[in-house]
Amino acid sequence: MASIIIGVQAKGYLLDNQPEETITKLEQQMPMLLKTGYQPTIGEYYSVLSEAYWQLNMQEKAFQAANNAVKVQSSQAPLNGARTRAYKVLYQYYRSHGDNAAALDAYINYAESDKANLDEVKAKTMAYQLAQHQSIEQQSRITLLNQQNRVLTLQQKLTENQSYAQRELIVALICVIALLIFSAIQSWRNQRHFRKLAEYDGLTNIFSRAHFTTMAHQLLEHSQRHQESVSCVMFDIDHFKQINDSKGHKTGDWALKNVAENSLNICRHNDLLGRVGGEEFCILLPQTNLKQAKEMAELLRQRLSTLYTSDSGYDFSLTASFGVSETGVSGYKLEGLMHDADQAMYQAKIRGRNQVCCFAVNECNSLEKTAPLLTSAPQTKQS
Ligand SMILES: Nc1nc2c(ncn2[C@@H]2O[C@H](COP(=O)(O)OP(=O)(O)OP(=O)(O)O)[C@@H](O)[C@H]2O)c(=O)[nH]1
């Protein structure tokens with residue numbers, strides 16, 4: 001490496017017209033260089049040395065150095081024009097010595113070597129240009145790939161954004177659906193609540209008068225179509241005002257609830273029970289004749305009269321008066337059926353309360369007691 005640097009320095013001296021410096025540098029370095037045996041650099045040294053000698057008109061030494069350069073590089077391709085320069089020195093030497101044949105030979109070698117050198121330079125230039133083109137092409141490819149990469153990254157980001165937006169949309173839809181379901185459930189609950197409020201009496205939890213009436217109409221229509229007897233039992237708590245007044249409203253409410261509960265307990269699943277007045281109740285019994293209805297009313301009367309009232313906080317007597325009617329006598333109109341049952345109940349009140357009276361002849365034990373009622377009613381009540 002040092003030899004190459006010194007060779008370049010020596011060449012520089014020569015170009016600056018300082019051949020003495022060139023010779024000094026190269027002669028100093030030559031023994032060491034020869035030991036390396038590295039022919040391209042040795043040839044280069046000799047060729048530069050021959051040129052330096054020639055510039056100083058040291059012709060024999062120049063001839064010697066040029067010959068050495070040619071010998072060393074004879075099997076080599078010309079490197080940095082070393083061989084070319086050596087042949088030029090030889091040509092100049094032979095010419096100045098009048099040896100035209102040798103001069104011509106040297107010149108031909110010089111020309112060939114120079115051409116080969118030029119070809120090599122041309123080939124190197126082309127190789128360099130090719131490499132440069134390849135490098136530019138590579139660079140373009142890298143740029144293109146970078147741009148493709150950016151496009152792909154953008155596409156990926158776009159896809160991510162789209163899927164994020166889709167996820168958000170799905171979440172929003174789920175929320176909306178959940179909200180709709182929730183509000184539908186709420187509205188269904190509200191409807192059920194309000195329907196219950198309308199259909200059931202708030203205190204006793206049995207049918208309200210309005211709902212009882214609706215259901216009773218349907219039952220009677222159905223029973224009339226199938227020619228089935230329906231009985232109606234109306235009953236009213238005896239001296240209820242006194243209970244309220246002496247034991248308080250709360251005790252009155254307790255009594256109403258217990259009467260309703262006991263009534264419900266003896267009703268069959270398709271019987272209709274309703275609170276039709278303050279302390280007045282009505283039971284509609286499908287497929288039941290007057291006798292059976294009276295028995296059922298009697299059972300309820302006994303239960304109420306033996307009801308354990310101490311749970312209310314007071315020990316008092318709780319009884320009710322019952323009136324019974326039946327479609328066979330009173331017809332299938334609810335108003336007529338209830339009216340006749342109410343009339344019979346009124347009779348029960350008149351006759352001392354805590355008893356059952358029927359609105360019919362020959363069907364019920366209490367018929368003779370209700371006779372005044374029965375004489376005219378059956379003909380006018382038939383539907
Ligand atoms: N505690 C309570 N009392 C009620 C309710 N609805 C009506 N009442 C009362 O029921 C009583 C009805 O009394 P009346 O119709 O005069 O008859 P009664 O005292 O039961 O006497 P008789 O029916 O003739 O045996 C009134 O004092 C009303 O205030 C209620 O929901 N709760």
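**Figure 1. Asn-205, a partly exposed residue in a loop of this predicted model.** Asn-205 counts as partly exposed because 13 C-beta neighbours lie inside 10 Å. To find Asn-205, look in the loop between helix 6 and helix 7, the latter spanning 209–225. The backbone deserves a glance here too: phi of Asn-205 is near 65°, a positive value in a residue other than glycine.

**Figure 2. Gln-227, an exposed residue with positive phi.** Follow the chain to the loop between helix 7 and strand 1 (230–237), and you will meet Gln-227. Although Gln-227 is not a glycine, its phi is positive, at about 50°. Is Gln-227 buried or exposed? Gln-227 is exposed, because 8 other C-beta atoms lie within 10 Å, and a residue with 12 or fewer such neighbours falls in the exposed class.

**Figure 3. Helix 5 against helix 6.** This view pairs helix 5 (residues 82–96) with helix 6 (residues 100–199), whose axes lie 8 Å apart and pack at an angle of about 160°. With that angle, helix 5 is roughly antiparallel to helix 6, since angles over 145 degrees are classed that way. The crossing of helix 5 past helix 6 is left-handed. On the helix 5 side, the residues that meet helix 6 are Arg-83, Thr-84, Tyr-87, Lys-88, Leu-90, Tyr-91, Tyr-94 and Arg-95. Their partners in helix 6 include Ala-102, Ala-103, Ala-106, Tyr-107 and Tyr-110, and also Asn-109, Ser-113, Asp-114 and Asn-117. Sorted by class, the residues of this contact between helix 5 and helix 6 are nine nonpolar, four polar and four charged.

**Figure 4. Helix 1 against helix 2.** Here the axes of helix 1 (residues 2–15) and helix 2 (residues 19–36) cross at roughly 160° and come within 8 Å. How is helix 1 oriented to helix 2, roughly parallel or roughly antiparallel? The crossing angle makes helix 1 roughly antiparallel to helix 2. Helix 1 passes helix 2 in a left-handed crossing. From helix 1, Ser-3, Ile-6, Gln-9, Ala-10, Tyr-13 and Leu-14 take part in the contact. They meet Pro-19, Glu-21, Thr-22, Lys-25, Leu-26, Gln-29 and Leu-33 of helix 2. The contact of helix 1 with helix 2 holds seven nonpolar, four polar and two charged residues.

**Figure 5. Leu-15 and Ala-52.** Leu-15 belongs to helix 1. Because 9 other C-beta atoms lie within 10 Å, Leu-15 is exposed. Between Leu-15 and Ala-52 there are 9.8 Å in space, C-alpha to C-alpha, and the two are 37 residues apart in sequence.

**Figure 6. The shell around the ligand.** Which residues come nearest to the ligand? Of the 16 residues around the ligand, the nearest are Asp-238, Phe-240, Lys-241, Gly-252 and Gly-278. Strand 1, helix 8 (240–247) and helix 9 (249–266) are the elements that give two or more residues to this shell. By class, the shell around the ligand has four nonpolar, six polar and six charged residues.

**Figure 7. The whole chain, for orientation.** Stepping back from the close-ups, the chain has 13 helices and five strands. Of its 383 residues, 34% count as buried. Among contacts with a separation of 6 or more, 61% are between residues 24 or more positions apart.

Conventions:
Residues numbered from 1 in each chain as written. Predicted model: local features only at pLDDT ≥ 70, side-chain atom pairs only at ≥ 80, totals over all residues. Axes fitted to C-alpha atoms, helices over the stretch in contact; angles between N-to-C directions. Helix = DSSP H or I, 4+ residues; strand = E, 2+ residues; numbered from the N terminus. Parallel < 35°, antiparallel > 145°, perpendicular 65-115°, else oblique. Left-handed = near helix turned anticlockwise from the far one by under 90°. Contact = placed C-beta atoms within 7 Å. Nonpolar A, V, L, I, M, F, W, Y, C, P; charged D, E, K, R; others polar. Buried ≥ 20, exposed ≤ 12 C-beta atoms within 10 Å, placed from the backbone. Near = placed C-beta within 6 Å.
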